[in-house]
Amino acid sequence: MTVASTPELEADRQYLIALIEDEAVFHGDFTLSSGAQATYYVDMRKLTLDHRAAPAIGRIMLDLIRDVDDVVAVGGLTLGADPIANAVMHESARTHRPLDAFVVRKEPKDHGRGRQIEGADVAGKRVVVVEDTSTTGQSALKAVEALRREGAEPVAVAVIVDRKTGAQAAVEAQGLQWLAAIDLDDLGLEPQ
């Protein structure tokens, strides 16, 4: 279990856990992105795009990556990572270590500059990939692959909720640090 670095940040984390339990955990029959079946679904987009949760998400995720040296930007595969990266960017602007944000498109644009990564210039820079939840880690690793093609140095993947379904092992197998703010134990849920 992760614990935030200060009592104030841990209070943010507990507040977010309560919001997730109350508003983002849905019970029923669901098919996950991996194709696996589950009896619950954690819909973090409901909260990453919510005015009550976004500031806490920014502070919690910024705290989660605090010990990752020399990172200049955060982002990930659009759409799930976008509000998280923006929340971190906005919260970091209040610190001595401001971070930029980037968006990784699923495919490069077929017009204009043909970019797959928008926002911060990531070439030659250390970056962290962020996600709302992760089942297999494949969305994060797709972002990592695109970042590496652009000459970036992805060093970690940071998720709000770790579903404990193999994503950590997949990410670590690629030589990246795995960071999770909340796990299933925090939410009183069993891995599926």
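In this predicted model, helices H1 and H3 cross in a left-handed manner. The two partners are H1, residues 7-23, and H3, residues 54-64, and their axes come within 9 Å of each other at a crossing angle of roughly 125°. That angle makes H1 oblique to H3. On the H1 side, the contact is built from Leu-9, Asp-12, Arg-13, Tyr-15 and Leu-16. H3 answers with Ala-56, Ile-57, Arg-59, Ile-60 and Asp-63. Sorted by class, the H1 and H3 contact holds six nonpolar and four charged residues, with no polar ones.

H3 also has dealings with helix H4. Two packed helices are described by the angle between their axes and by the distance between those axes. For H3 and H4 the angle is about 75° and the axes are 8 Å apart. The pair is therefore roughly perpendicular. From H3, the residues involved are Ala-54, Pro-55, Ile-57, Gly-58, Arg-59, Met-61 and Leu-62. These meet Ile-84, Ala-87, Val-88, Glu-91 and Ser-92 of H4. This contact of H3 with H4 splits into eight nonpolar, two polar and two charged residues. Ile-57 and Arg-59 of H3 turn up here, and both are also listed in the contact with H1.

Next comes the sheet. Six strands make up an open sheet with mixed pairing, and reading across gives the order S5-S4-S3-S6-S7-S8. The edges belong to S5 (117-119) and S8 (177-183); each has a single partner strand, so one side of each goes without a neighbour in the sheet. On average, and ignoring direction, neighbouring strands are turned by 25° against each other. At the S8 edge, strand S7 (residues 153-162) pairs with S8 in the parallel sense, over six bridges. In one of the bridges, Val-161 is partnered by Ile-182 of S8.

Helices pack on this sheet as well. H1 touches S7 and S8, and its direction makes about 70° with that of S8. H4 (residues 82-92) lies across S3 (71-77), S4 (100-104), S6 (126-134) and S7, and runs at about 170° to S4.

A couple of backbone details are worth a look. Most residues other than glycine have a negative phi, and most peptide bonds are trans. Asp-70 goes against the first habit: phi is near 60° there, a positive value in a residue that is not glycine. Asp-70 sits in the loop between H3 and S3. As for the second habit, the bond joining Thr-78 and Leu-79 is cis, with omega at about 25°. Leu-79 belongs to the loop between S3 and H4.

Taking the protein as a whole, the count comes to seven helices and eight strands. The radius of gyration is 16 Å, close to the 16 Å that the globule rule gives for 192 residues, so the protein is as compact as a globular protein of that length. Along the principal axes, the C-alpha trace spans about 45 × 40 × 30 Å.

Note on methods. Residues are numbered from 1 along each chain as its sequence is written. This is a predicted model: local features need pLDDT of at least 70, side-chain atom pairs count only at pLDDT 80 or more; totals for chains, interfaces and linings use all residues. Side-chain values use heavy atoms; hydrogens and water are left out. Axes are lines fitted to C-alpha atoms, for helices over the stretch in contact, and angles run from 0 to 180 degrees between N-to-C directions. Helices (H or I, at least four residues) and strands (E, at least two) are DSSP runs, numbered from the N terminus. Angles under 35 degrees count as roughly parallel, over 145 as roughly antiparallel, 65 to 115 as roughly perpendicular and the rest as oblique. A crossing is left-handed if the near helix is turned anticlockwise from the far one by less than a right angle, and right-handed if clockwise. Contact means heavy atoms within 4.5 Å. Ala, Val, Leu, Ile, Met, Phe, Trp, Tyr, Cys and Pro count as nonpolar, Asp, Glu, Lys and Arg as charged, and the others, Gly among them, as polar. Two strands pair if DSSP finds at least two bridges between them. The radius of gyration is taken over C-alpha atoms; the globule rule is 2.2 Å times the number of residues to the power 0.38.
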